[in-house]
Amino acid sequence: FELKFKATDSEEQTIETFVNADFKDIVITQKSNNALMTIVLDKSTAIKFAKTLRTEINKITESEV
């Protein structure tokens with residue numbers, strides 16, 4: 001099972017998230033045409049990132065009201 005997130009402005013852009021082979025890090029890849037960008041986060045950094053992302057999403061939600 002593979003979950004890919006598509007960008008809103010391009011069908012060619014996708015973001016994938018998975019755990020690396022040794023189950024120690026979270027890997028985020030962004031693919032666009034022939035380009036690939038990879039971000040690797042340890043568990044504690046991934047948790048902080050998720051909290052920050054939720055905070056930013058809440059800011060968008062609050063501004064829509």
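**A four-strand, one-helix chain: questions and answers**

Visitor: What is the relative accessible area of glutamate 56?
Guide: Glutamate 56 counts as partly exposed, the class in between buried (under 20% relative accessible area) and exposed (over 50%), with a 1.4 Å probe and protein chains only. The relative accessible area of glutamate 56 is 38%.

Visitor: What pLDDT do local features need in this predicted model?
Guide: Residues are numbered from 1 along each chain as its sequence is written, and side-chain values use heavy atoms, with hydrogens and water left out. The model is predicted: totals for chains, interfaces and linings use all residues, side-chain atom pairs count only at pLDDT 80 or more, and local features need pLDDT of at least 70.

Visitor: Which residue forms a salt bridge with glutamate 56?
Guide: A salt bridge here is a side-chain nitrogen of Lys or Arg within 4 Å of a carboxyl oxygen of Asp or Glu. The partner lies with glutamate 56 in helix α1 (residues 43–64), 3 residues apart, about one turn of the helix. The partner is partly exposed, at 47% relative accessibility. With closest N and O atoms 3.1 Å apart, the residue is lysine 59.

Visitor: In what order do helix and strands follow along the sequence?
Guide: Helices (H or I, at least four residues) and strands (E, at least two) are DSSP runs, numbered from the N terminus. The chain has 1 helix and 4 strands. Read along the sequence, the pattern is β-β-β-β-α.

Visitor: What is the radius of gyration of the chain?
Guide: The value is taken over C-alpha atoms, and the globule rule is 2.2 Å times the number of residues to the power 0.38. For 65 residues that rule gives 11 Å, and the chain lies well over this, so it is more spread out than a compact globule; its radius of gyration is 14 Å.

Visitor: What share of the contacts with a separation of 6 or more comes from residues 24 or more positions apart?
Guide: A contact means heavy atoms within 4.5 Å. As for the spatial extent, the C-alpha trace spans about 40 × 30 × 20 Å along its principal axes, and 14% of the 65 residues count as buried. Among contacts with a separation of 6 or more, residues 24 or more positions apart account for 0%.

Visitor: How far apart in space are isoleucine 15 and alanine 50, C-alpha to C-alpha?
Guide: Isoleucine 15 is in strand β2 and is partly exposed, with a relative accessible area of 38%. In sequence, isoleucine 15 and alanine 50 are 35 residues apart; in space, C-alpha to C-alpha, the distance is 15 Å.

Visitor: Which residue meets lysine 31 in a salt bridge?
Guide: Lysine 31 lies in strand β3 (residues 25–32) and its partner in strand β2 (residues 13–19), so the pair ties together parts that are 15 residues apart in sequence. Lysine 31 is partly exposed, at 35% relative accessible area, whereas its partner is buried, at 7%. The N to O distance is 3.1 Å, and the partner is glutamate 16.

Visitor: Which residue in the loop between β2 and β3 has a phi near 60°?
Guide: The loop between β3 and β4 (35–42) holds asparagine 33, whose phi is positive, about 50°, although it is not a glycine. Asparagine 33 is exposed, with a relative accessible area of 59%. In the loop between β2 and β3, the residue with a phi near 60°, also not a glycine, is phenylalanine 23.
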